[in-house]
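User: I would like to go through this model with you, beginning with how helix length is judged. Could you set out the term first?

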Amino acid sequence: MTSAATAQTDGLASPAIKQAIPPAADGAGDVPAIVRRRLIPWDDRFDGYSWLATGFVVAIAALLRLVGLAEPKGLVFDEVYYATDAYDMLSRGIEWDEKSGGPAYVVHPPLGKWVIALGEAVFGNNEFGWRISAAVAGILSVLILTRLAIRLFGSVILGCAAGLLLALDGFHLVMSRTSLLDIFLQLFILAAFAALVLDRDHRRRRWLGAIAQGRVQATGRVVFAFPGGVPWWRLVSALMLGCAVGVKWSALYVLPAFFLLVWLWEGGAQRTAGIRWGYLKSLPAAFGWSLIAAVIIFLTYLATWAGWLATDDGYFRHWLSDSGRAEPPVIGALINLWHYHTQAFDFHNQLVTKHPYQSWPWQWLLLGRPVAFFWSSDLPCGAPSCASEVLLLGTPILWWSFIPATLALIWFGIARRDWRALFILLGAAANFAPWFYFAVAEGRTMFSFYILPSVPFFVLAVVYVLGAIMTPTFATQRADPELTLERRKIGAVVLGVYLILVAVCFWYFYPVFVGEPIPYADWSARMWLGSRWI
């Protein structure tokens, strides 16, 4: 395994990865070692080993999500809306209301339903057909998280631990086996953040090349020009965010974190390269590319409405003409679409209807009110009284680790001045914190699955802390090798025990994740918080 070392990854890399600084890339033989160490990002291409380990984790995730995917039979929970809307879109391009015989009024963008429709187009309008897209999205999110964690932590072990924890999360499993929208929202947001990390690495390599070519001196004086180049990964991230907004508007909450990281990482690269006032000088470039990214996000989102724009039957499609006003060919369609959005926005703002499974954001990480997707007492289990339930419940040991891990992450991030801590915290908070406002200020009806896009980042927080336990800072590693070895032994044991406990807990709750018929007494024993979980 090979790697380039960096000062910002102190304390979380495996021994085999902590190596001396290799010869500088891009011919940068005259670049000071301290500059190379800070600018060269971790390289996660550890021959074929890391991909083999990644494949093993993804295979576990795929097995759990695909086996028995067609169970339970029938439409469960909100599949009654999204699976049926998706099937209508295959033939009409829009959602359709069979009762009224006209277009349906829906309040979420179309992309998530189009992805569900893709599975129905291939496998038919059946349970497997309308759930397979969600399963694939769940599997892909495990893959992306594993590779992201390997790159962040410079460790295949920690990276695979992150992927395995997500694969063994009951909350993620249930959402991966049900045709709701939130699993696609999570996938696109996670992909956007992963692409942004790749953009950070790419831009730092360009700064290193600029120093090596004499365009920037080690003293920090700019001799010629900005490193330049198109930040392709940043634009890919924008594309993914556009897709996320095309699934649910709540992805808009992520945009401030996206633009903040673009600026902080661009400025941080310049400052590390020795440029004085790097954060200030990076503003024009960060703003310019962020503006382009915003255009990509908007155009991508607009493209998700292609089916509505192409038909004459969509709800509010000809609102102007129906209101007796002129409707220009292109501008009129956009005005109609804007009117649709204002009506949907008003609907969301007024959504305060009580629901038996609604919950508040401060309950979510504590598993205070799970959502029952399916329940039956009629399926046989070999006992006089049986129960079959699909309960949207996180694996308790994992989820009850999230809050202490996040607090520890904040402490480690401040103590070690680690950029990864800020990245993980922003990823976790971007789609989670806004719901506190809506709960307190508006009392809006909400459900625990709204937190799903933040779950991979809470998993990263847990793995970060486990990695910090496993290895001390880089300075300590060099000063006290014996202490370092002892810490790694202890950390490895802690990591192994924790993974085993999560796996056992997942296995225990597995029947209520997938709706497996079990004796009623066994089902009742799994309701740890009593009526809150029923």
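Analyst: The expected span of a helix is 1.5 Å times one less than its number of residues. Please note that this is a predicted model.

User: How far does helix H19 reach from its first C-alpha to its last?

Analyst: Helix H19, residues 419–430, has 12 residues and reaches 16 Å, close to the 16 Å expected at 1.5 Å a residue.

User: And why is H19 described as largely enclosed by the rest of the structure?

Analyst: Nine of its 12 residues are buried, so H19 is largely enclosed by the rest of the structure. The buried residues are Trp-419, Arg-420, Ala-421, Phe-423, Ile-424, Leu-426, Gly-427, Ala-428 and Ala-430.

User: Which residues have the most contacts inside the largest nonpolar core?

Analyst: They are Phe-373, Phe-423, Phe-449 and Leu-460, in a core of 143 residues. Phe-423 is also among the buried residues of H19.

User: What does Leu-460 touch, leaving out residues up to four places away in sequence?

Analyst: Leu-460 touches Leu-145, Leu-148, Ala-149, Leu-152, Phe-153, Ala-162 and Ile-424. Of these contacts, Ile-424 is one of the buried residues of H19.

User: Changing topic: how much space lies in the largest pocket?

Analyst: The largest pocket holds about 1200 Å³ of space. Its lining comprises 42 residues, with Tyr-82, Val-107, His-108, Phe-347 and His-348 nearest the centre. Two or more lining residues come from each of helix H3 (79–92), strand E1 (96–97), helix H8 (182–212), helix H15 (331–349) and helix H20 (434–442).

User: Which element gives the most to that lining, and what is the make-up by class?

Analyst: H3 gives the most, with six residues. By class, the lining has 23 nonpolar, nine polar and 10 charged residues.

User: How many cavities of 30 Å³ or more are there?

Analyst: The structure holds seven such cavities. The second largest has about 80 Å³ of space, and among its 15 lining residues Gly-93, Ile-94, Glu-95, Trp-305 and Trp-308 are the closest to its centre. That lining has 11 nonpolar, three polar and one charged residues.

User: One last residue: is Gln-363 buried or exposed?

Analyst: Gln-363 has 17% relative accessibility and therefore counts as buried, the cut-off being under 20%. This residue lies in helix H16, residues 361–364.

User: What does Gln-363 touch, again leaving out residues up to four places away in sequence?

Analyst: Gln-363 touches Gly-368 and Arg-532. In addition, Gln-363 and Ser-448 are 85 residues apart in sequence, and their C-alpha atoms are 8.1 Å apart in space.

Terms used:
Residues are numbered from 1 along each chain as its sequence is written. This is a predicted model: local features need pLDDT of at least 70, side-chain atom pairs count only at pLDDT 80 or more; totals for chains, interfaces and linings use all residues. Side-chain values use heavy atoms; hydrogens and water are left out. On a 1 Å grid over the protein atoms alone, a cavity is a set of points where a 1.4 Å probe fits but cannot get out, and a pocket is an open set with protein on both sides within 12 Å along at least five of seven lines; lining residues have an atom within 4 Å of a point. Grid points are joined across faces, edges and corners, and a volume is the space filled by probe spheres set on the points. Helices (H or I, at least four residues) and strands (E, at least two) are DSSP runs, numbered from the N terminus. Ala, Val, Leu, Ile, Met, Phe, Trp, Tyr, Cys and Pro count as nonpolar, Asp, Glu, Lys and Arg as charged, and the others, Gly among them, as polar. Buried means under 20% relative accessible area, exposed over 50%, partly exposed in between (1.4 Å probe, protein chains only). A nonpolar core is a set of buried Ala, Val, Leu, Ile, Met, Phe, Trp, Tyr and Cys residues joined through side-chain atoms within 4.5 Å. Contact means heavy atoms within 4.5 Å.
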